[in-house]
Amino acid sequence: MTATIRLLDAAEARAAIPDLCDVLTDCVNGGASVGFMQPYGNADAEPYWQGVADAVASGATLLLVAEIDGRAVGTVQVGAAQMPNQPHRGDLKKLLVHRSARGKGLARLLMDAAEREAAVRGKTLLVLDTATGSDAEAIYPRLGWERVGVIPDYALWPEGGLCATTFFYKRVA
């Protein structure tokens, strides 16, 4: 298994939508609290990814994918467009790895690439939030992210029920 991490332009993002829909659908149906509710299918995911491709086209979002055998099996985004008083900050969004591709170090590869790409664009501070108690929450401290705190009842789990959210930050250069 050799994974390739790529930063996509708008045309590549649009071409990757079917694979990205599969990744998002798998994650949501696997219980990941990433903004969507179950049941969730590829048709539900397509408008979301169309919007991401538009944001890539405008320069508001950096979209990275992890590919195995030419198929996107993981992804992460950096929200690069910020308010005028926050040009140094980026928002890390939607670190997703298809369950069939987990345990191969793709999350680390995606995060490393996202941090490098953000730094190239002058971002020195990245922030993210993740569901408290989720498998994802354990990843970030191992990658050098600092835990800030928890907000209770911040969102819903995809199957329903309130969940808390933990916020993290990382300085990048």
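In which helix is Thr25 found? Thr25 sits in helix α2, which covers residues 17-29. This is a predicted model, and Thr25 is a good place to start reading it.

**Thr25 and its surroundings**

Thr25 has a relative accessible area of 10%. Buried means under 20%, so Thr25 counts as buried. What does Thr25 touch, beyond residues up to four places away in sequence? Its partners are Tyr40, Gly41, Asn42 and Ala45.

Just before Tyr40 in the numbering comes Pro39. Pro39 lies in the loop between α2 and α3, and α3 spans residues 42-58. A cis peptide bond joins Gln38 and Pro39. Its omega is about -5°.

**The whole chain**

Now step back. The chain has five helices and seven strands. From the N terminus, the order is β-α-α-α-β-β-β-α-β-α-β-β.

The C-alpha atoms fill a box of roughly 40 × 40 × 30 Å along the principal axes. The radius of gyration is 15 Å. A compact globule of 173 residues would have a value near 16 Å, so the two agree.

Buried residues make up 43% of the 173 residues. Consider next the contacts with a separation of 6 or more: 59% of them join residues 24 or more positions apart. The chain exposes about 8,300 Å², and carbon and sulfur atoms supply 53% of that area.

The chain carries 17 positive and 20 negative charges. The mean positions of these two sets are 6 Å apart.

**Two nonpolar cores**

The largest nonpolar core holds 27 residues. Which of them touch the most other members? They are Val76, Leu92, Met111 and Trp145. Several elements each supply at least two residues of this core: β2 (61-68), β3 (71-79), β4 (89-97), α4 (106-120), β5 (125-131) and α5 (135-142). The largest share, eight residues, comes from α4.

Another core lies apart from this one. It has 23 residues, including Ala16, Tyr40, Ala45 and Val52. Two of these names are familiar: Thr25 touches Tyr40 and Ala45.

Val76 shows how the larger core is connected. Leaving aside neighbours within four places in sequence, Val76 is in contact with Leu62, Leu63, Leu64, Leu92, Lys93, Lys94, Leu95, Leu110, Met111 and Ala114.

**Strand β1 and a distant partner**

Ile5 lies in strand β1, residues 3-8. Beyond its neighbours within four places in sequence, Ile5 is in contact with Leu64, Val65, Ala66, Leu109, Leu110 and Ala113. Take Leu109 as an example. Ile5 and Leu109 are 104 residues apart in sequence, but their C-alpha atoms are 7.2 Å apart in space.

Is Ile5 buried or exposed? Neither label fits, because its relative accessible area of 27% makes Ile5 partly exposed.

**Two positive phi angles**

Asp69 and Lys94 each have a positive phi in a residue other than glycine. The table sets out their values.

| Residue | Location | Phi | Relative accessible area |
|---|---|---|---|
| Asp69 | loop between β2 and β3 | near 55° | 78%, exposed |
| Lys94 | strand β4 | near 50° | 23%, partly exposed |

Asp69 is found in a loop, whereas Lys94 is found in a strand. Lys94 has also appeared above, as one of the contacts of Val76.

Note on methods: Residues numbered from 1 in each chain as written. Predicted model: local features only at pLDDT ≥ 70, side-chain atom pairs only at ≥ 80, totals over all residues. Heavy atoms only, no water. Helix = DSSP H or I, 4+ residues; strand = E, 2+ residues; numbered from the N terminus. Rg over C-alpha atoms; globule rule 2.2 N^0.38 Å. Buried < 20%, exposed > 50% of the residue type's maximum accessible area, 1.4 Å probe, protein only. Contact = heavy atoms within 4.5 Å. Areas by Shrake-Rupley, 256 points an atom, 1.4 Å probe, with all protein chains shown as cover. Lys, Arg positive; Asp, Glu negative; His and termini not counted. Charge placed at Lys NZ, Arg CZ, Asp CG, Glu CD. Core = buried A, V, L, I, M, F, W, Y, C linked by side-chain atoms within 4.5 Å.
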